[in-house]
Amino acid sequence: MEHPSEAPIQLRPGSLIANGIRDLFRPPLGLLLLIDLLIFGALASLSDQVDGASLFGALLLTVVYAFVQIALTMAAASEEQRSADEWVKLAFKRGVFWRFILTGIVTMVAVFVGLLALIIGGLILGAMLGLAQTVAIQERVWPSRAIGRSIALSKGHRMPIGSIF
């Protein structure tokens with residue numbers, strides 16, 4: 001017999017979204033989110049400038065942005081009532097800056113590679129399978145045969161077929 005506190009939690013999307021929006025406005029998340037958005041806006045405005053001072057400013061803002069992101073994440077995951085500046089100070093003390101940065105880089109690279117593989121893989125598959133519907137109609141074959149025949153017919157001609165597909 002299960003203890004009542006050990007019963008499985010049922011997650012419902014509506015209540016999760018409602019709780020997330022409600023929590024967004026509880027102190028200090030609103031202020032941290034506003035600071036986060038302001039820094040993001042300042043970084044976006046520096047993107048068209050290429051001099052040394054702008055680069056240094058962008059780097060400095062990126063570091064501050066990372067610490068605000070860490071503070072925001074810690075505050076969102078905690079029930080403790082602290083001010084925004086206390087959360088930022090705790091983010092500095094926590095010592096997770098490099099883990100945060102490296103995790104972000106690895107995540108972005110993985111997403112980029114996956115997206116690249118998906119797009120290029122999609123183009124390659126499109127080039128290989130671009131004739132499948134034509135084969136199915138002309139040769140009156142089922143999909144598995146049409147796909148196999150399309151792969152065979154497209155061999156050596158995938159670039160033009162892919163550009164049309």
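The expected span of a helix is 1.5 Å times one less than its number of residues. Keep that rule in mind for helix H7 below. One caution comes before it: this is a predicted model.

**Helix H7**

Helix H7 covers residues 143-154, twelve residues in total, so its expected span is 16 Å. The C-alpha atoms at its ends are 16 Å apart, which agrees. Which residues of H7 are buried? They are Ala146, Ser150 and Ser154. Seen down the axis of H7, the buried residues fall within an arc of 55°, so they line one face of the helix. On the other side of H7, Ser144, Arg145 and Ala152 are exposed. Glycine 156 follows H7, and its phi is positive, near 90°.

**The nonpolar core**

The largest nonpolar core has 13 residues. Leu32, Phe67, Ile70, Ala71, Ala75, Trp87 and Ala91 have the most contacts inside it. Three elements give two or more residues each to this core: helix H2 (29-46), helix H3 (52-77) and helix H4 (84-94). H3 supplies the largest share, seven residues.

Take tryptophan 87 as an example. Leaving aside neighbours within four places in sequence, tryptophan 87 is in contact with Pro28, Leu32, Ala71, Met74, Ala75, Ser78, Glu80 and Arg82.

**More of helix H3**

Glutamine 69 sits in helix H3. Its side chain makes a polar contact of 2.7 Å with the side chain of aspartate 36. Not counting residues up to four places away in sequence, glutamine 69 touches Asp36 and Phe100.

Serine 54 also belongs to helix H3. Is serine 54 buried or exposed? Buried means under 20% relative accessible area. Serine 54 has 7% relative accessibility, so it counts as buried. Serine 54 and leucine 43 are eleven residues apart in sequence, and their C-alpha atoms are 9.7 Å apart in space.

**Aromatic pairs**

The structure holds four aromatic pairs. Two of them are listed here.

| Pair | Type | Centre to centre | Between planes |
|---|---|---|---|
| Phenylalanine 67 and phenylalanine 97 | stacked | 5.0 Å | 15° |
| Phenylalanine 97 and tryptophan 98 | edge-to-face | 5.0 Å | 75° |

The stacked pair links distant parts of the chain: phenylalanine 67 lies in helix H3 and phenylalanine 97 in helix H5 (residues 97-129), 30 residues apart. Phenylalanine 67 is buried, with a relative accessible area of 11%. Phenylalanine 97 is buried too, with 14%. Tryptophan 98, in contrast, has 61% relative accessibility and counts as exposed. Ring pairs link Phe67, Phe92, Phe97 and Trp98 into a cluster.

Definitions and conventions:
Residues numbered from 1 in each chain as written. Predicted model: local features only at pLDDT ≥ 70, side-chain atom pairs only at ≥ 80, totals over all residues. Heavy atoms only, no water. Helix = DSSP H or I, 4+ residues; strand = E, 2+ residues; numbered from the N terminus. Buried < 20%, exposed > 50% of the residue type's maximum accessible area, 1.4 Å probe, protein only. Arc of directions from axis to C-beta. Core = buried A, V, L, I, M, F, W, Y, C linked by side-chain atoms within 4.5 Å. Contact = heavy atoms within 4.5 Å. Polar contact = N/O pair within 3.5 Å; in protein donor to acceptor, adjacent residues only side chain to side chain. Phe/Tyr/Trp six-rings, centres within 6.5 Å; stacked < 30°, edge-to-face > 60°.
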